[in-house]
Amino acid sequence: MNEFSDEILVAAAQRGDKKAYSLLVKGHYRYVFAACMGVVGNVHDAEDMAQDAMLKGLVKIKELRSGEQFGEWIIRIAKNLCVDLIRRRKTARALLTREASVPPAPSAAGPDLEEAIGRLPQEYRVPLMMYYFDNKSAKTIAEKLKISHSGVCQRIRAARRQLHRFLSEGVHDGQ
Amino acid sequence: MDSDCEKTRDRIADFLTGTLSDAEAEAMEQHLGVCAGCRMYERALRQEDRLLDELVATFSAEMTRREDEVINVIGGVDVRAAAPTVWSAGAWLKNLLARHAAAAAVIVVVGLYFVITFSWVSEITAVIRYGL
């Protein structure tokens, strides 16, 4: 963690200091990645989207009024980019194939955690991913996602129940 | 599964995340002590918790490389090598603590100005009135 506050780093980045922006990347990338992972549900896309969000953040940094809000702001940019990606893919798939609604075949190797995470609804997956990326602090996630602490706990609880069901389905189907 | 088990299973995730109160956690432990079904469920969630930790650890291992890639793309330098030149007056004044300190300093200077000015005025008035 660096010694400068987000407010100072954002002010410097707004004056064109890329080193300051690099420190913001260092401080926030893992949360942006976790949020992207939560929305898109796979590592490869999450990596691309997190990178795009950081670049877009650099381009739009002058629009940010309060430097203290950087974390929340950059996560919002990332989530919007992910939603756009999903929307584009859905449109493309609908145009290219009529078999888009066929669910993927269950893995022969048994229940796969990443696959099960991918099946969770986005509203549960985002807090769940951020929870595990953020040293299991529901309080910090509540601040970053602008939802209540009890709301975060409720979503994590629901996510865990569904995840368990998906993983158990795999085990029971395989038996 | 009775209603007690329903309630317990609904809260086991909270139990594992440590968001239950002491009394709730104690009641949970008591129930787990006597209910094999809920105990199995709790063990399964603990196991999944470990799997999630391991998955995130594998993602985290690559995090520095990913951050560096982004930094390279934005044309930044190695941030570990040099600190940014962010200590301009504008940035400094944006710091809340610094702003309060600056305001306090202004108040002290203005106060001193008035004290000194009025002490001179009263001295001059005394000289004019009573002579040396």
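What share of the contacts in chain A with a separation of 6 or more comes from residues 24 or more positions apart? The share is 68%. The report below describes the two chains of this predicted model, beginning with the confidence of the prediction.

## Confidence of the model

The predicted model scores ipTM 0.74 and pTM 0.67. The average pLDDT of chain A is 84, and 86% of its residues score at least 70. Among the elements of chain A, the highest mean pLDDT, 92, belongs to helix 1 (residues 6–14), while helix 8 has the lowest, 82. Two stretches of chain A fall below a pLDDT of 50: residues 99–103, with two contacts in the model beyond near neighbours in sequence, and residues 105–110, with seven such contacts.

For chain B the average pLDDT is 79, with 80% of the residues scoring at least 70. Residues 77–88 of chain B stay under 50, and the model has 22 contacts beyond four places in sequence for this stretch.

## Architecture of chain A

Chain A contains eight helices and zero strands. From the N terminus on, its elements therefore read α-α-α-α-α-α-α-α, each of them being a DSSP run of helix. Of its 175 residues, 42% count as buried.

## The nonpolar core of chain A

The largest nonpolar core holds 63 residues, of which Val32(A), Ala35(A), Cys36(A), Ala50(A) and Ala78(A) touch the most other members. Helix 2 of chain A, spanning residues 18–40, gives the most to this core, with 15 residues.

Val32(A) shows which positions are brought together here. Leaving aside residues up to four places away in sequence, Val32(A) touches Ala50(A), Ala53(A) and Met54(A), as well as Ile74(A), Ile75(A) and Ala78(A). Two of these partners, Ala50(A) and Ala78(A), are themselves listed with Val32(A) as touching the most other core members.

## An exposed loop residue

Lys146(A) is placed in the loop between helix 7 (138–145) and helix 8 (149–174) of chain A. Its phi is near 60°, a positive value in a residue other than glycine. Most residues other than glycine have a negative phi.

Is Lys146(A) buried or exposed? Lys146(A) has 10 other C-beta atoms within 10 Å, and it is therefore exposed, because the limit for that class is 12 or fewer.

## Architecture of chain B

Chain B has six helices and zero strands, and along the sequence it follows the pattern α-α-α-α-α-α. Buried residues make up 12% of the 132 residues in this chain. Of the contacts in chain B with a separation of 6 or more, 48% are accounted for by residues 24 or more positions apart.

## The contact between the chains

The contact takes 38 residues from chain A and 33 residues from chain B. On the side of chain B that touches chain A, four helices of chain B each supply at least two residues: helix 1 (3–17), helix 3 (36–61), helix 4 (63–73) and helix 5 (89–94). Helix 3 of chain B gives the most to this side, with nine residues.

How do the residues on this side of chain B divide into nonpolar, polar and charged? There are 19 nonpolar residues, seven polar and seven charged.

How values were computed: Residues are numbered from 1 along each chain as its sequence is written. Chains are lettered from A and ligands numbered from 1 in the order in which they are written. This is a predicted model: local features need pLDDT of at least 70, side-chain atom pairs count only at pLDDT 80 or more; totals for chains, interfaces and linings use all residues. A residue is buried if 20 or more other C-beta atoms lie within 10 Å of its own, exposed if 12 or fewer, and partly exposed in between; C-beta atoms are placed from the backbone. pLDDT is the predictor's confidence in each residue, from 0 to 100. A nonpolar core is a set of buried Ala, Val, Leu, Ile, Met, Phe, Trp, Tyr and Cys residues joined through C-beta atoms within 7 Å. Ala, Val, Leu, Ile, Met, Phe, Trp, Tyr, Cys and Pro count as nonpolar, Asp, Glu, Lys and Arg as charged, and the others, Gly among them, as polar.
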